[in-house]
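Colleague: I am new to this one and would like a close look at a single part. Please take the side chains, charged and aromatic, and go through them in order.

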Amino acid sequence: MLSRLWQTRRLIKTSVYNNMSEGIIKQLVLPKGRGLGLKDGKLDKDAFRKVIPVLAAKVPPEKAGVLLKSPIMRRSLIDVPKTKSVMRGPNEERLVLLKYSDQADLTPEVLDFLKAQSAELVTHTITFDYNYWTADDILHAILPEELVAGAPSGFATVGHIAHLNLRPEYLPYKYIIGQVVLDKSPTSKTVVNKVDNIDNQFRVFRMELLAGEPDFVVTQSENGCKFTFDFREVYWNSRLHTEHERLIAKFSREDVVADVFAGVGPFAIPAAKKGCAVLANDLNPSSYKYLKVNITENRVDPLVRPYCEDGRAFIRHAFNRVYDDPLPPVPQPKPRKADVKAQRAGLRPHSPPPAGPRRQRISHFAMNLPDTAILFLDAFRGVLSPENAGERDLSGLYPDEASMPMVHCYCFTRELEPEKAEVDIRKRVEEKIGHALGEESTLHWVRSVAPGKEMYCVSFRLPRAVAFATSETQP
């Protein structure tokens, strides 16, 4: 009996202590699933305004630091995010804010300490308005209870555009959700929602404006480059920035890179910045338009040649183009500041290093069109044979297997286990090129695109027998 009574007293004491330790924070909780902030189908920001009185210790300016640093006061000071702990009083005194509204919540030790510091307890009101709450707080208060658990909590950003992909059940609230996202994302000026899937040859999707300015031309920074484009007209996926960086790291500055599906240049332009010479192609006229803009804006005009044609035709022409009109030599590194200074002082002769040879051999093909890129691999069959090369003798540029370009082909698979995914992808690639892949072939997992759909990059050395095959030798 005594033991049960002791446990009951301990529980009561713990509950009281917990309530005291929470202070006003327990008042800063918005009700979930209640439609708070909805007024005639529109967002009512005034509904999120709360005015809460708190205790404040009024002290001279030099005493504020004493209270803030005191171990005795630590559990009583205000601990609300985005709220200052010290305010300036009307007569230059300082108000050290506490987290309680009632003096009865303060412990005797705190009251004795405040008395010893000649602190006067006063009431100070704090206003928490719409700007205080997070987007999640507001959306959870606005949406019906059955939609709270799956409420949109994140979004992709492309330049100044916040891009949502709302499920059907959230569409009745899409404009309110868009307004909240706009308000709570300081860098966003435009909020859009994806209307349909990517199901056309240019990999773009329809979108609707939910909030903000109808401005869809963005500037996006990635890998030390800036890309300008109309988000409605071209394909761009910010989630692929680490994959862009990974593949570019495989290129050496001496390489020639052929980018079959270049888009607005996320592979081509950083590669050129590195020193690579690049043939960049995209069938989408809008992508081609902004690819040229980005080449100029990133000052890589001498190193990048843009094209707008079918990917298969581009592959068939690429080797011949580089042979007929070699690309510029590897850019010379900038001279060191000490060398420039010495040359200007006449201490060292100014003798720029001789330029290297122009580049004629393609080292890499990038094929970032995961839905269909594998289907284009048959374009490599016989690409170096006289039937495609004409009178050009390309065998000297590609004399052995080691001299053949690496092909980096992106694709999707429904196989979720890596071993099965490799079997599936390898089989599809080999069927298209008509030849087994050699030892120099790797498979890299990129990301999960959707349930049951994985994205990979298969990299392989183009078999010489495939490139030099003739109509008589091809299967």
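**Side chains, charged and aromatic**

Modeller: Asp 137 is partly exposed, because its relative accessible area is 32%, and partly exposed means between the limits of 20% and 50%. The model is a predicted one. Asp 137 sits in helix α4, which covers residues 135-142. In sequence Asp 137 is 108 residues away from Val 29, yet their C-alpha atoms are 8.4 Å apart in space.

Another acidic side chain, Glu 422, has 38% relative accessibility and therefore also counts as partly exposed. Glu 422 belongs to helix α13, residues 418-433. Together with Glu 415, Glu 417 and Glu 419, Glu 422 makes up a negative patch on the surface.

Next come the charge pairs. Side chains of opposite charge can pair when their charged atoms come close. The model has 16 salt bridges, counted with nitrogen and oxygen within 4 Å. One of them joins Lys 174 to Glu 208, with 3.0 Å from N to O. Lys 174 is in helix α6 (residues 174-184) and Glu 208 is in strand β10 (residues 207-212), so this bridge ties together parts that are 34 residues apart in sequence. Lys 174 counts as buried because its relative accessibility is 17%, and the limit for buried is under 20%.

The bridge between Arg 246 and Glu 243 stays inside one helix. Their closest N and O atoms are 2.7 Å apart. Both residues lie in helix α7 (residues 241-248), three residues apart, or about one turn of the helix. Glu 243 has a relative accessible area of 5% and so is buried.

In a further salt bridge, Arg 392 meets Asp 324 at 2.8 Å, N to O. Arg 392 is in the loop between α12 (386-389) and β17 (406-413), and Asp 324 is in helix α10 (residues 311-324), so the pair links parts 68 residues apart in sequence. Arg 392 is partly exposed, because its relative accessible area is 26%. Asp 324 has 46% relative accessibility, so Asp 324 counts as partly exposed too. Arg 305, Asp 325 and Arg 358 are connected through a network of salt bridges.

That leaves the aromatic side chains. A pair of aromatic rings is described by the distance of the centres and the angle of the planes. With centres within 6.5 Å as the limit, there are eleven aromatic pairs. Phe 229 and Trp 236 are one of these pairs, with 5.1 Å from centre to centre and 25° between the planes, and they are stacked. The word stacked applies because the planes are under 30 degrees apart. Phe 229 and Trp 236 are both buried. The rings of Tyr 307 and Phe 314 have centres 5.9 Å apart and planes at 50°, so that pair is tilted. Tyr 307 and Phe 314 are likewise both buried. Elsewhere, one aromatic cluster is made by Phe 319, Phe 365, Phe 380 and Tyr 398.

Note on methods
Residues numbered from 1 in each chain as written. Predicted model: local features only at pLDDT ≥ 70, side-chain atom pairs only at ≥ 80, totals over all residues. Heavy atoms only, no water. Patch = residues over 30% accessible without salt bridge, like charges linked within 9 Å, V, L, I, M, F, W, Y side chains within 5 Å. Areas by Shrake-Rupley, 256 points an atom, 1.4 Å probe, with all protein chains shown as cover. Salt bridge = Lys/Arg side-chain N within 4 Å of Asp/Glu carboxyl O. Lys, Arg positive; Asp, Glu negative; His and termini not counted. Charge placed at Lys NZ, Arg CZ, Asp CG, Glu CD. Helix = DSSP H or I, 4+ residues; strand = E, 2+ residues; numbered from the N terminus. Buried < 20%, exposed > 50% of the residue type's maximum accessible area, 1.4 Å probe, protein only. Phe/Tyr/Trp six-rings, centres within 6.5 Å; stacked < 30°, edge-to-face > 60°.
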